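Colleague: I'm new to this one, so could you take me through a single part of it slowly? Pick the sheet and whatever sits around it, and keep it casual.

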Amino acid sequence: MSAISIQSLVKTFPPRGNAPAVHALDHVSFDIGHGEFFGLLGPNGAGKTTLISILAGLARASSGSIKVHGFDVRTDYVQARRHLGIVPQELVFDPFFTVREALRFQSGYFGLNRNDDWIDELLAGLGLSDKANANMRQLSGGMKRRVLVAQALVHRPPVIVLDEPTAGVDVELRQTLWHFVADLNRKGHTVLLTTHYLEEAEALCHRIAMLKKGRVIALEKTSTLLANATANVLHFKTDATLPPALAQLARITGRMVELPAHDPQEIEQHLAALRQAGVPVEELEIRKADLEDVFITLMNAPSCPTGVDAKGVQA
Ligand SMILES: Nc1ncnc2c1ncn2[C@@H]1O[C@H](COP(=O)(O)OP(=O)(O)OP(=O)(O)O)[C@@H](O)[C@H]1O
């Protein structure tokens with residue numbers, strides 16, 4: 001039995017006014033094993049939040065199923081929910097509670113009345129001990145996010161779901177959060193993470209599913225995705241405009257240009273094309289491809305799933 005099992009999940013939002021129907025999830029299937037740190041990646045609108053909303057019981061699938069520790073999130077909601085700790089993307093909280101009251105209230109929701117020892121442990125682990133009696137509305141955005149993490153964990157769920165937990169969060173909180181979550185994972189908790197920070201996904205996730213327009217287009221170990229990637233990236237800065245053939249391949253951030261290259265010959269071809277177009281380059285270096293390169297290559301490729309068959313089932 002898997003920690004999370006997703007079978008041919010479909011979510012279609014019906015047409016509204018002039019807007020056509022949206023196929024937010026199109027036969028998504030994958031399993032997450034016990035103790036895995038699993039990344040769900042995809043561009044805006046790929047379907048990540050829709051999938052997590054169905055998992056959390058906040059939205060209903062059009063067809064297909066999700067099970068948590070064998071419990072169907074629809075037909076066995078209470079049991080499925082007990083096994084899940086969900087850290088939502090949005091900062092939702094009751095402004096009138098103190099931090100401790102919010103955590104006690106959430107504990108009560110799961111029938112846990114004497115939970116203060118665990119609440120104290122959570123507060124300490126998340127650097128919140130000195131905020132225990134602060135009112136929620138007095139906390140900074142980053143502190144509120146820490147409380148949301150603690151809230152998700154009050155009932156010691158074996159599966160933790162984090163929906164973009166580091167969006168708009170400073171470096172220090174990111175580090176605290178990752179240290180804390182990685183530790184929980186080492187202790188055996190399963191983690192499902194969605195993030196737009198691919199460096200974090202590369203560093204933390206054992207396995208990754210990439211969604212594009214509601215379909216799984218890659219489902220692999222992180223190491224396999226990286227090993228199969230374009231071998232090298234030509235990295236440089238320039239003020240000039242690239243010739244169109246190169247611009248099409250490049251990732252351009254301000255003055256910084258990154259060009260994927262499969263082999264030394266292709267690096268030489270790129271350099272020759274730049275010389276021919278009179279593009280001056282500064283700080284030229286060649287580096288190994290990272291997860292962001294893999295992500296961009298897969299998202300720009302015509303539909304060609306990696307590690308999945310046509311129905312989204314793992315090979
Ligand atoms: N309530 C809704 N009604 C109609 N369409 C919706 C609704 N919620 C989401 N969608 C659409 O479903 C698709 C998937 O959206 P979703 O929010 O799941 O993507 P996402 O991968 O989480 O994106 P992001 O990274 O921006 O959070 C999008 O096209 C979105 O516009």
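Modeller: Sure, and keep in mind that this is a predicted model. Let's start with one pair of residues: I6 has I66, in β4, as its bridge partner. That pairing belongs to a bigger link, since five bridges join β1 (residues 4-13) to β4 (residues 63-68), and the two strands run antiparallel. In general, strands of a sheet pair through backbone hydrogen bonds, either parallel or antiparallel. Now zoom out a bit: the open sheet here has four strands in the order β2-β1-β4-β5, with antiparallel pairing. At its edges you'll find β2 (22-32) and β5 (71-72), each of them pairing on one side only.

Next, look at the loop between α1 (48-55) and β4, where A61 is found. A61 counts as buried because it has 23 C-beta neighbours inside 10 Å, and 20 or more is enough for that. Leaving out residues up to four places away in sequence, A61 touches L9, V10, K11 and I54. For a sense of distance, T253 is 192 residues from A61 in sequence and 38 Å away in space, C-alpha to C-alpha.

Finally, there's the ligand. The residues surrounding the ligand include F13, V22, A24, G42 and N44, along with K48, T49 and T50. Both β2 and α1 supply at least two residues of that shell, and α1 gives the largest share, three residues. By type, the shell divides into six polar residues, four nonpolar and one charged.

Technical notes
Residues numbered from 1 in each chain as written. Predicted model: local features only at pLDDT ≥ 70, side-chain atom pairs only at ≥ 80, totals over all residues. Pairing = 2+ DSSP bridges. Buried ≥ 20, exposed ≤ 12 C-beta atoms within 10 Å, placed from the backbone. Contact = placed C-beta atoms within 7 Å. Near = placed C-beta within 6 Å. Nonpolar A, V, L, I, M, F, W, Y, C, P; charged D, E, K, R; others polar.
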